[in-house]
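Subject: Handover of a structure and findings

Dear colleague,

Please find the structure below, handed over for your records. My notes on it follow directly after.

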Amino acid sequence: GPRRLFICRHAERVDVTFGKQWISLSFDSNGFYTRRNLNMPREIPKRKGGPGDFAKDSPITEMGVYQAKLTGEGMREQGIRLSHVFCSPALRCVQTADAILKGLQETNVKIKIENGMFEWLAWFQGSFPPPFMTPSELVKFGMQVDASYKSQVSLQDLKPTETHLEFYKRMVNLTKLLLKIVGPG
């Protein structure tokens, strides 16, 4: 049949749900994580910058994982299969895509981290780029990430001062490029 493109946003974020103080409440001075609420992640990935890096690159909640997995299950029940998954480098987005793939029971499809899919940069507060986890760190945490994929857009190519219009153009141009790369059907 015809090619279909699915676009989704990330699931519920820990920092939005529990506030910025979740890091100081959940990590001790040695960086050991303690789950303080049943909706907080069961486990947290290790990252080279330590727990402080989660302030700029938050994980999703357990409810977020559950909702994303249910989304994948619903897609599977409708007979939807995925051949390619491209994802923002933000941890919340990778975790959402991974949970959708688990719900779909798609074990052979790997998530391709595409820097150009990161949010409109005016929404991002702080220095750019944020301390994203590497594909290797994500794989080590158990995410279905294609560690060999090379992003079509470098983080240095993203302009922190982009306008709404520039953001929309970035998304349109990137979508066209990725559709060309994956080819028909």
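The notes below cover conventions, three helices, two pockets and a few individual residues.

This is a predicted model, in which local features need pLDDT of at least 70 and side-chain atom pairs count only at pLDDT 80 or more, while totals for chains, interfaces and linings use all residues. Residues are numbered from 1 along each chain as its sequence is written, and side-chain values use heavy atoms, with hydrogens and water left out.

Helices

Helices (H or I, at least four residues) and strands (E, at least two) are DSSP runs, numbered from the N terminus. The expected span of a helix is 1.5 Å times one less than its number of residues. "Buried" stands for under 20% relative accessible area, "exposed" for over 50%, and "partly exposed" for values in between, with a 1.4 Å probe and protein chains only. Contact means heavy atoms within 4.5 Å.

Helix α3 (62-77) has 16 residues, which should span 22 Å, and its end C-alpha atoms are indeed 22 Å apart. Its buried residues are Glu62, Gly64, Ala68, Gly72 and Met75. Seen down the axis of α3, these residues fall within an arc of 160°, so they line one face of the helix; the arc is that of the directions from the helix axis to the C-beta atoms. The buried residues of α3 pack against α4. Just after α3, Gly79 has a positive phi of about 80°.

Helix α4 (residues 91-104) has 14 residues, for which a span of 20 Å is expected, and the distance of 20 Å between its end C-alpha atoms agrees. Of these 14 residues, 13 are buried, so that α4 is mostly covered.

Helix α6 (residues 164-182) has 19 residues and reaches 27 Å from its first C-alpha to its last, close to the 27 Å expected. The buried residues of α6 are Phe167, Arg170, Leu174 and Leu178. They cover an arc of only 55° around the axis, which puts them on the same side of α6. An α-helix has 3.6 residues a turn, so residues three or four places apart point the same way. On the other side of α6, Leu165, Lys176 and Lys180 are exposed. The buried residues of α6 pack against β1 (85-87). Gly183, which follows α6, has a positive phi near 80°.

Pockets

Pockets were sought on a 1 Å grid over the protein atoms alone: a pocket is an open set of points where a 1.4 Å probe fits, with protein on both sides within 12 Å along at least five of seven lines, and lining residues have an atom within 4 Å of a point. Grid points are joined across faces, edges and corners, and a volume is the space filled by probe spheres set on the points. Ala, Val, Leu, Ile, Met, Phe, Trp, Tyr, Cys and Pro count as nonpolar, Asp, Glu, Lys and Arg as charged, and the others, Gly among them, as polar.

The largest pocket holds about 1300 Å³ of space. Of the 41 residues that line it, Phe6, Ile7, Cys8, Phe86 and Met117 are the closest to its centre. At least two lining residues come from each of α3, β1, α4 and α6, and α6 gives the largest share, seven residues. By class, this lining has 25 nonpolar, ten polar and six charged residues.

The second largest pocket has a volume of about 400 Å³. Its lining has 14 residues, of which Arg42, Glu62, Val65, Gln95 and Met143 lie nearest its centre. The elements that give two or more residues to this lining are α3 and α4. The lining divides into seven nonpolar, one polar and six charged residues.

Individual residues

Arg92 lies in helix α4 and is buried, with a relative accessible area of 4%. Not counting residues up to four places away in sequence, Arg92 touches His10, Arg13, Asp57, Ser58, Ile60, Phe118 and Glu119.

Gln105 follows α4, in the loop between α4 and β2. Gln105 is exposed, with a relative accessible area of 52%, and has a positive phi of about 60° although it is not a glycine. Most residues other than glycine have a negative phi.

Ala122 is in the loop between β2 (111-113) and α5 (135-140) and is partly exposed, with a relative accessible area of 36%. Ala122 and Phe167 are 45 residues apart in sequence and 9.5 Å apart in space, C-alpha to C-alpha.

Yours sincerely
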